[in-house]
Each structure stands twice: as structure tokens, then as C-alpha cells.
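This report concerns two ligands and their protein surroundings. Please consult the sequence and the structure as you read.

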Amino acid sequence: MLPCTRVAVESTVHSRSGEILHIIGSRPPQFIVNINETGHQHYHSMLKVHRDICGYCGCCVSVCPEGALELIDAYLCVEKSCTSCGICAKVCPLGALEVVHEK
Amino acid sequence: MKNKYDVLVIGGGPAGAIAAKNAVEKGLSVCIVEKRPAIGAPVRCAEGIGKEALHEFIDPDPRWISAEMTGASIVAPDGFLMKLESELAGNKVGYILDRKIFDRELVWKAAEAGADVAVKTRASAPILEKGCVKGAKVECCGQVTSVTADIVIAADGVESKFSRWCGIDTTVPLREIMSSVQYVMADIDIDAHSTVFYLGNEVAPEGYLWVFPKGRRSANVGIGISGKKSGEGHRAKDYLDRFVKKTFPQGKQIEYIAGGVSVCRPLDCTVADGLIITGDAARVVDPLTGGGIYNSMYTGKLAADVAAECIGKGNVTKTALMVYDKTWRASKMGKAIERNYHIKEYLIKQPDAKLNEIIHSVSKLNLKEFTTLSLIKEIMMVNPKLMLELGALAASIR
Ligand SMILES: Cc1cc2nc3c(=O)[nH]c(=O)nc-3n(C[C@H](O)[C@H](O)[C@H](O)COP(=O)(O)OP(=O)(O)OC[C@H]3O[C@@H](n4cnc5c(N)ncnc54)[C@H](O)[C@@H]3O)c2cc1C
Ligand code: SF4
Ligand code: SF4
């Protein structure tokens with residue numbers, strides 16, 4: 001449960017099932033919550049690489065502000081420093097990256 | 001591969017290969033490490049280069065020239081086509097390379113000169129001593145070894161990580177990465193000796209789409225759009241597929257590649273103690289054209305010259321290596337990057353109507369010199385209004 005103080009909602013995202021989730025805080029650790037009548041549900045987000053779509057081009061690597069991506073031959077690695085900001089997912093020319101929010 | 005060299009080059013693209021070859025020729029011991037198993041593949045490039053630019057480094061060889069260009073065309077957002085030709089009709093103005101072979105040839109030449117080459121070998125961390133770069137940890141097939149060097153030349157391309165590991169911020173701003181996709185297409189109707197550039201917000205927002213002939217009926221057909229404009233349902237691939245379906249419905253795609261081209265300003269500083277950063281890793285791509293082959297070779301060569309001089313004097317501090325940074329910034333290439341950055345910034349803000357107007361103002365140009373600069377000069381001549389809008393920039397062009 002979140003403490004009952006006012007929190008700044010940085011942005012909202014949709015979970016895979018279509019729920020509206022609120023991202024709290026702009027730097028990690030970020031909290032992702034679904035606030036509805038039944039209470040709060042915590043989520044965590046992570047970057048997913050769809051390896052079947054990725055063309056191993058390095059475009060995403062160059063824009064990551066955390067330096068969390070690395071192209072190792074034909075393999076895109078995501079390091080722990082990833083904040084799930086989604087910048088890389090936006091620029092990928094093929095749509096191979098996705099920030100997923102899970103319970 | 002030994003465990004000590006004068007110069008360790010990270011990356012076997014044009015920047016790294018030219019750096020290695022020149023460093024060896026200056027009497028230094030050199031090793032190139034390349035993380036991919038094969039130099040030059042997969043190709044992440046439209047492979048276009050100007051005639052003079054190429055000749056400055058290497059004589060053209062039919063083995064790696066796919067096609068010779070005698071002109072170019074620009075297609076306005078409304079479909080109007082402007083033709084650019086050399087004043088001497090039929091004169092060669094540029095080439096479309098076969099970079100699989102070209103990149104190999106450059107590395108081959110470095111190896112022949114005496115450089116060691118290690119493929120499928122990745123630099124995985126710098127060796128730092130009191131903040132000074134002294135070499136790199138390199139990984140090959142799960143084995144990590146330390147390779148020390150007086151100077152490391154980072155030539156690790158758009159996906160560069162090495163300089164970042166040394167504490168330099170290399171992040172390309174979202175709006176200044178060209179998110180790109182390209183098909184090599186066969187069996188299409190094209191002008192085999194002219195490149196074609198398509199502009200417009202519907203076609204390629206804040207970027208352009210290109211058709212670069214590779215043969216009589218084949219071409220690199222690709223696109224770059226601003227990272228800012230990219231997103232689900234409107235990615236580079238979506239735009240390219242739409243264009244291809246409309247323009248080359250019968251064409252066959254025989255290769256499919258993705259890529260990123262930085263069109264930001266170069267890094268604030270391209271040297272550190274024991275480190276020189278070159279090519280795409282230094283973000284020295286021409287921000288207007290997205291061309292980086294020449295700039296990579298130029299900075300690669302300069303890096304080798306400066307490395308030899310500084311190693312000779314026994315001083316590889318950042319202060320000593322600054323000659324490299326200062327020299328390329330003051331060079332023709334450095335000045336072109338600065339000027340073209342401003343022109344790009346101006347052009348991406350223009351609505352389609354304005355781009356139409358500019359392109360309509362000249363329907364056919366015979367250029368004395370086939371360069372972006374002379375094209376811009378000609379366009380400004382017929383559009384005095386543009387001169388006012390460009391302000392101080394216009395003065396620097398005249
Ligand atoms: C779609 C597209 C179209 C383009 N079209 C053109 C064009 O028409 N004309 C033009 O002039 N330019 C074009 N460019 C730009 C051009 O391809 C680059 O500027 C050029 O390849 C840069 O050369 P480089 O040597 O700096 O880097 P690269 O050619 O990218 O070489 C870098 C090398 O370093 C290796 N490497 C990276 N990290 C490591 C590591 N840690 N350890 C070991 N090795 C590592 C990589 O595997 C790679 O082989 C285009 C780019 C793209 C993406
Ligand atoms: S930008 Fe997309 S295609 Fe390119 S390496 Fe990253 S995830 Fe793969
Ligand atoms: S989500 Fe953000 S932090 Fe994570 S890899 Fe992508 S760009 Fe980097």
C-alpha cells in the first residue's frame with residue numbers, strides 16, 4: 001500500500017490487459033500502481049526485447065540515457081541500470097522493444 | 001593477438017580500418033578488435049559516397065563499386081522532381097559502394113600493412129589507471145584477456161559503448177537519431193545512374209527516403225525518420241513499406257536491414273587521457289545528409305596521425321591529444337558539419353508547402369561542383385527570401 005500522502009504521478013501507461021497504470025517518480029525506483037476502487041496494485045516494469053523482430057542495428061543503444069543496452073554480435077542485452085523509460089522502444093525502426101508492466 | 005600494442009583500435013568499420021592502416025604506416029604496433037564475426041556484414045548503410053571524397057582515401061575498384069552515379073534527383077512532398085546534374089553532362093559524381101567488400105578491403109589493407117586483427121572479439125571494458133585509458137579488456141568466445149595500449153582509438157560506431165565506459169556521455173538525443181530501415185530491392189524500374197531523395201512529412205518526417213541504385217534494376221531503398229516521430233504504427237518500417245507498396249509493387253526485397261544514424265552535434269570533446277574517439281562513435285555524421293563514411297575515414301586517419309605524434313613524444317594526455325579535436329573541428333569536414341547542422345535544423349521545421357516552394361524554384365540544376373554546399377548556394381540564389389530567413393547562416397554560406 002502507498003502511504004496516504006499526495007504523490008506526483010509522472011505519467012500513465014497501459015498494462016497489457018488495458019488497465020491505466022500510474023508511474024510515480026521520474027527516477028528509479030519508480031512505483032507503478034493501478035489505483036481503483038479496490039485499492040492499489042503494485043506493478044513493476046521491464047524492457048522486453050522481441051528477438052524475433054530485432055534487426056540488431058544498434059539504433060536503440062545510441063539513445064539510451066542510462067547506457068543500459070549493448071549489442072553483442074547478434075544479441076541485444078539489457079542491463080540492470082535500465083529505468084524502463086521507453087525511449088529505445090520509441091525509436092526502434094522495427095518495433096522490437098516493449099516496456100511491459102507486470103504485477 | 002598480443003597483450004600489448006602501441007594502439008588498440010576498437011571496431012573494424014571504415015574509421016577503425018583507416019586508423020589502423022595509417023597508424024601502422026607511421027611505425028606503430030596496432031591491433032583492431034571487431035566484435036562481429038565478419039567485417040562489413042550485415043551492411044548498415046545506403047552506401048553512397050561522393051567521387052572526390054572516396055578518391056581522397058582509396059582508388060575505386062570495380063570489386064566494391066556497385067554503381068557509378070552521374071546525377072541526383074530530389075522529389076518534393078507534392079511529387080515534383082528536381083534534377084541535379086554535373087555541369088559536364090554524364091560526368092561521374094559519386095558511387096554506390098558494396099560495403100560488404102569495401103569494409104573488408106579496408107581492413108585487409110590494414111592487415112597487409114602489418115596490423116593485427118581479431119574478429120568476434122569484443123572490447124568489454126576499458127583498462128583505466130588514474131582515469132587514463134591504458135587499454136581494454138577484450139572478450140573472445142567467453143575468454144577475457146587484457147590488452148594494454150598507449151592509446152585506444154574508439155571506432156565502435158553508432159552503438160558505441162567504449163567512450164561511455166570511460167565516462168563520456170555519448171547519448172544521442174531522441175529527436176536527433178534517424179531511425180532507419182532499408183531494403184535491397186531487385187527487379188525495379190529505376191534510373192540506374194541517379195540517386196533519388198524523397199522529402200516530406202507524409203513520406204519521411206524530419207528525414208528522407210532514398211533510392212540508391214546498385215545496378216541496372218536494383219537499388220538500396222531506405223528511409224530515416226526522426227526518433228521523435230517514430231512510434232507504434234508509424235515507425236520507419238511502416239513508412240518504407242507504404243512507399244515500396246506504392247512505388248515498386250512488383251519489386252523483390254533481397255535484403256532487409258535496420259539502422260540508426262546520429263544527426264546531432266558531434267561529442268563536446270572527442271579525446272580523453274589515452275583515448276581518441278572517431279567516426280560514428282564521435283557522432284561526426286553529416287547532420288544534413290546522414291553521410292558518415294567519409295567523415296569516419298577522415299577522423300580515423302587524423303586519429304592515427306595524432307596518435308603517432310603523441311606516442312613519439314611520450315605524451316598521451318588529453319591536453320596533448322586535443323590537437324585531434326581541434327584539427328577536425330577546424331577542417332572542411334568540421335565546418336561542413338557545423339553549417340549543415342544549422343541547415344538541417346532549419347529544414348526540419350519547414351512545412352511541406354515550404355519545401356515544395358523551395359524545390360519548385362529550381363527544376364533543373366547543373367552544378368559546377370556536385371556537393372551539398374553548391375546545391376544550397378544555388379537554391380539560395382533563386383530564393384532571396386531564404387537568405388533572410390537563414391540570417392547569419394546565409395552569410396556563412398556565401
Ligand atoms: C541506414 C543507413 C544508411 C546510411 N547511408 C549512408 C550513405 O549512403 N553514405 C554514407 O556516407 N554514410 C551512410 N550511413 C552512415 C555510415 O554507415 C556510417 O557513418 C559509417 O559506417 C561509420 O563508420 P564507423 O567506422 O564509424 O562505424 P561502423 O561502420 O558502424 O563500424 C563500427 C564497428 O565497431 C564494431 N564494434 C562496436 N562496438 C564494439 C566493441 N565493443 N568491441 C569491438 N567492436 C565493436 C561494430 O561491430 C562495427 O563493425 C548510413 C547509415 C545507416 C544506418
Ligand atoms: S533499435 Fe530495434 S532492431 Fe535495432 S537493435 Fe535495437 S531493438 Fe533491435
Ligand atoms: S527503457 Fe530507457 S533506460 Fe531502459 S534500455 Fe530503453 S532507453 Fe535505456
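The text below treats ligand 1, ligand 2 and one acidic residue in turn.

The model is predicted: local features need pLDDT of at least 70 and side-chain atom pairs pLDDT 80 or more, while totals for chains, interfaces and linings use all residues. Residues are numbered from 1 along each chain as its sequence is written, chains are lettered from A and ligands numbered from 1 in the order in which they are written, and side-chain values use heavy atoms, without hydrogens and water.

**Ligand 1.** Around this ligand there are 36 residues (a heavy atom within 4 Å), and B:Glu34, B:Ala46, B:Gly48, B:Arg99 and B:Asp280 come nearest. By class, the shell has twelve nonpolar, 14 polar and ten charged residues. The table lists polar contacts (N or O atoms within 3.5 Å) with backbone atoms.

| Ligand 1 atom | Backbone partner | Distance |
|---|---|---|
| nitrogen | B:Lys35 | 3.1 Å |
| nitrogen | B:Gly48 | 2.8 Å |
| oxygen | B:Ile293 | 2.9 Å |

Taken alone, ligand 1 exposes 1000 Å², of which the protein buries 93% (Shrake-Rupley method, 1.4 Å probe).

**Ligand 2.** Here 13 residues form the surroundings, and A:Cys54, A:Gly55, A:Cys57, A:Cys60 and A:Cys92 are the closest. This shell holds eleven nonpolar, two polar and no charged residues.

**An acidic residue.** B:Asp6 is buried (under 20% relative accessible area, 1.4 Å probe, protein chains only). B:Asp6 has no salt bridge (a side-chain nitrogen of Lys or Arg within 4 Å of a carboxyl oxygen of Asp or Glu), and B:Lys4, the nearest side chain of opposite charge, is 5.2 Å away. A polar atom of the B:Asp6 side chain does lie 2.8 Å from the backbone nitrogen of B:Ser29.

Technical notes:
Polar contact = N/O pair within 3.5 Å; in protein donor to acceptor, adjacent residues only side chain to side chain. Nonpolar A, V, L, I, M, F, W, Y, C, P; charged D, E, K, R; others polar. Buried < 20%, exposed > 50% of the residue type's maximum accessible area, 1.4 Å probe, protein only. Lys, Arg positive; Asp, Glu negative; His and termini not counted.
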